Structure formats: structure tokens, C-alpha cells
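Me: I should like to learn how to read the features of a protein model. Please take me through them one at a time.

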Amino acid sequence: MSTPDKLSIETRTTGNSLVVALDGSASMEYCDRLSVELMDAVGQKPEGIILDVSNLTFICSLGIGAVVATFLELRKDRKPLAIVAPTPEVRDMFTVTKLGQLLDVYESMDAARARVPD
Amino acid sequence: MVQPDPNNEDTFKEVTVQSTLHAAKEPEKIILKDIEKHGFNSDAIFAIKLALEEAMTNAVKHGNRGDESKFVHVRFAVSSACVVIIVRDDGPGFDPGDVPDPTTPDRLSQPNGRGIMLMNAYMDEVKYRDNGREVYMLKKNGD
């Protein structure tokens, strides 16, 4: 845990949608970049975004805010945001913040793909 | 040399950093290394890292209002039983009672405002002092 935090953000196209994969720790110093990259993804006008957080070990409230802002931007155009496979720690944070009531969280990429059109 | 004692704030170690999110990582690295040495479990380490990030973010963005000429002062002490962390900013303070609950239906979709509730949820004690300029947080080992 005391190893230096790093966050990798990879965006790829799948049909008319985007998959954004987060790997590492969305700690406070990376959240501006996370916010910019997620808004860039929204700006590409995809049919929906799948946010793969299966390798995300940590997220602070700034990172959560970036995810919520992405959800709100997509919702304006009735496009879905699907959160995929949160780790137990991140899932617990969604429970504590009650974001599970707002965001669609899926156990697998296949389940998310069924919700987000290609 | 007097060993830092969570029950005696006069013995605490202190780290002061410039009020930026990058500089704010320095106390976190030091404290996490210390709590690992004291055998805190991974759940407690996650909780402490989260609460400390939220406290530092609040100090930089809200307390010091993004003014990079200001500082954030962190005092802490770790024992095998618990860790106490005190984060202080140079800002005018605030009333934590004025911060709305971010989990109510009307606020759930707000992008901001979850830091304080996360600190409260993940730490065993959180207290605001000196008109909100200082936050005291305690986490027991094993929780």
C-alpha cells in the first residue's frame, strides 16, 4: 500500500461505445487528469461508456466526483455509463456513499456490454 | 527522544507541506509507512489512506482555497493500538454542520461534497477543532 500511487487510464472503442479502463490508484493528484480524460471520452459522443474498474485499487472523493460528472453528462443525451467489476474496497465506497443507487454497477464486462449498445 | 504517543499530542511528529495536491502526498507516504510498520491490516490502511486524502484535499481546496502560498500542517502518532492524525490548514475555517449530507436523494447526483462523510465512515473518531481549521482523526488497529 505504501508503494507510489499510479493511475493508468486507457480508452478504447468498441463499436459505437467506449471502454475506459482504470488501473491503479485514483488518488487526489490524478483526479484532474481522470476528469479530463473522462470528459474527453464523453466529448467523442459514444452511445455509452463502460468504465472498467476491475483493476482500480483506490478512489478518493475527487475521483468519485469525476465518475458522477461523467454519468451526468451522458445522462443529458440519455446515454448509459456502466461501471464494471469494482474491487471490494471500491464497491464498499459506492455502498457508503449510496452511489449504487445512482450508478449502474455490473459484475462482468459481458453484463455491461448487454446494457451499453455497441 | 520521546516516542510519539497517540494519547499525548505534545509528542506527535509533524510534517508541513505547501498547499498543493502533489505536496499533500508527502505526509501520506510517511504515515502509511509508519502504520505498516505497526502491523495495521489492509482494511485499516485503506481507511486511513482514504481519510487522509480527503482531509488533505479539503485543506488544500476548501480550507486554503487553492492558495499555493499557504501550508497544510499534519501531526500524527502511531502505536500498535491506533493512529491519530491531525490536519490543519491556514484558511478561515468552516462549520462542518453546514456541509449537507451527500447521500440524500436530492444531493446524490452532486459531483462534490463526499469527503467529510467518507472520513466519518472510515475512521473511528473525527473531530473538528478551532472553527474547522483542524481535523482530528483516530483509527484503531484491527477495525
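Me: Which residues line the largest cavity?

Reply: Rolling a probe the size of a water molecule over the atoms shows where empty space is left. In this predicted model, A:Leu22, A:Leu51, A:Val53, A:Leu56, A:Ile59, A:Val67, A:Ile83, A:Val90 and A:Phe94 line the largest cavity. Strand 3 (49-59) and helix 3 of chain A are the elements that each give two or more residues to this lining, and strand 3 of chain A gives the most, with 4 residues. Helices (H or I, at least four residues) and strands (E, at least two) are DSSP runs, numbered from the N terminus.

Me: How is a cavity defined?

Reply: On a 1 Å grid over the protein atoms alone, a cavity is a set of points where a 1.4 Å probe fits but cannot get out, and lining residues have an atom within 4 Å of a point.

Me: Where is A:Ala85 found, and is A:Ala85 buried or exposed?

Reply: Most residues other than glycine have a negative phi. The phi of A:Ala85, however, is positive, near 55°. A:Ala85 is found in the loop between strand 4 (81-84) and helix 3 (88-96) of chain A. With 19% relative accessibility, A:Ala85 counts as buried (under 20% relative accessible area; exposed is over 50%, partly exposed in between; 1.4 Å probe, protein chains only).

Me: How should the numbering and the values be read?

Reply: Residues are numbered from 1 along each chain as its sequence is written, and chains are lettered from A and ligands numbered from 1 in the order in which they are written. Local features need pLDDT of at least 70, side-chain atom pairs count only at pLDDT 80 or more, totals for chains, interfaces and linings use all residues, and side-chain values use heavy atoms, with hydrogens and water left out.

How values were computed
On a 1 Å grid over the protein atoms alone, a cavity is a set of points where a 1.4 Å probe fits but cannot get out, and a pocket is an open set with protein on both sides within 12 Å along at least five of seven lines; lining residues have an atom within 4 Å of a point.
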